[in-house]
Amino acid sequence: MSRRSRSDTGSRSSNNVAVTRCVCCYRHDDESMVCCDSCNVWQHIVCFDDIDQDNIPDVYLCERCKPRPVNALKAMRIQDKKARTLARRRKRVLQPHPITTPAYTRINTLDMTLVFFAAVF
């Protein structure tokens, strides 16, 4: 039987290990999870277009056990947005890491122009 969340029926599969494998590549429990009845992996309900919180099938099979097209990019965006919202609530806004260039690779174009003209004339 499919489960709505880990807290509804326990967080462990039959071999006492809870495994999250979702198309979004996130492994967190977002409290809206469903478990595959064949391989016992947990997946986020919002990551799939064919199910929703109010329409969970009695027998749920993941995209590997029952092959079907999925939109992984859409799922990643949904979970990324959820993670950012949660971080903001915790007052920790996620900031992108700035791209840093080592000092020895920085080139001042004006200096290079002067060096070029000095070498030519």
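1. Let's start with the salt bridges: this predicted model holds five of them. One of the five joins Lys82 to Asp30, with the closest N and O atoms 2.9 Å apart. Look at where the two partners sit, because they come from distant parts of the chain: Lys82 belongs to helix α2, while Asp30 lies in the loop between β1 and β2, 52 residues apart. Their surroundings are worth checking too. Lys82 is partly exposed, at a relative accessible area of 33%, whereas Asp30 is buried, at 14%.

2. Helix α2 takes part in another of these links. Lys74 forms a salt bridge with Asp49, and here the closest N and O atoms are 2.9 Å apart. Lys74 is in helix α2 and Asp49 is in the loop between β3 and α2, which puts the partners 25 residues apart. Is Asp49 buried or exposed? With 60% relative accessibility, Asp49 counts as exposed. Its partner Lys74, at 37%, counts as partly exposed.

3. The next salt bridge to find is the one between Asp50 and Arg68, whose closest N and O atoms are 2.6 Å apart. Both residues lie in the loop between β3 and α2, so the pair ties together parts of the chain that are 18 residues apart in sequence. Asp50 is partly exposed, with a relative accessible area of 41%. Arg68 has a value of 17% and is buried, because the cut-off for that label is under 20%.

4. Now turn to the aromatic rings. The structure has one aromatic pair. How are the rings of Phe48 and Tyr60 arranged? Their centres are 6.5 Å apart and their planes meet at 70°, so the pair is edge-to-face. Phe48 and Tyr60 both sit in the loop between β3 and α2 (72-89), 12 residues apart. Each ring belongs to a buried residue: Phe48 has 3% relative accessibility, and Tyr60 has 2%.

5. These two residues also lead us to the core. The largest nonpolar core has 14 residues, and the members that touch the most others are Cys22, Val23, Val34, Cys47, Phe48, Ile51 and Tyr60. As background, nonpolar side chains tend to be buried together in soluble globular proteins. Which residues does Phe48 touch, leaving out those up to four places away in sequence? They are Cys22, Val23, Gln43, Tyr60, Glu63, Arg68 and Val70. Notice that Arg68, the salt-bridge partner of Asp50, is on that list.

6. For the strands, trace an open sheet of three with the order β1-β3-β2 and mixed pairing. Its edge strands are β1 (19-20) and β2 (33-35), each of which pairs on one side only. Strands β2 and β3 (residues 41-44) run antiparallel and are joined by three bridges. To see one pairing, find Met33 and its bridge partner in β3, His44.

7. Ala18 makes a nice small exercise. Ala18 is in the loop between α1 (6-9) and β1, and is partly exposed at 24% relative accessible area. Its C-alpha atom is separated by 9.8 Å from that of Cys35, which is 17 residues away along the chain.

8. Finally, a word on confidence. The chain averages a pLDDT of 75, and 61% of the residues score at least 70. Over residues 9-13 the pLDDT stays under 50, and the model has nine contacts for them beyond four places in sequence. Residues 112-119 are also below 50, with one contact beyond near neighbours in sequence. Where pLDDT is low, the predicted coordinates should not be read in detail.

Terms used. Residues are numbered from 1 along each chain as its sequence is written. This is a predicted model: local features need pLDDT of at least 70, side-chain atom pairs count only at pLDDT 80 or more; totals for chains, interfaces and linings use all residues. Side-chain values use heavy atoms; hydrogens and water are left out. A nonpolar core is a set of buried Ala, Val, Leu, Ile, Met, Phe, Trp, Tyr and Cys residues joined through side-chain atoms within 4.5 Å. Buried means under 20% relative accessible area, exposed over 50%, partly exposed in between (1.4 Å probe, protein chains only). Contact means heavy atoms within 4.5 Å. pLDDT is the predictor's confidence in each residue, from 0 to 100. Two strands pair if DSSP finds at least two bridges between them. Helices (H or I, at least four residues) and strands (E, at least two) are DSSP runs, numbered from the N terminus. Rings of Phe, Tyr and Trp (its six-membered ring) pair if their centres lie within 6.5 Å; planes under 30 degrees apart count as stacked, over 60 as edge-to-face and the rest as tilted. A salt bridge is a side-chain nitrogen of Lys or Arg within 4 Å of a carboxyl oxygen of Asp or Glu.
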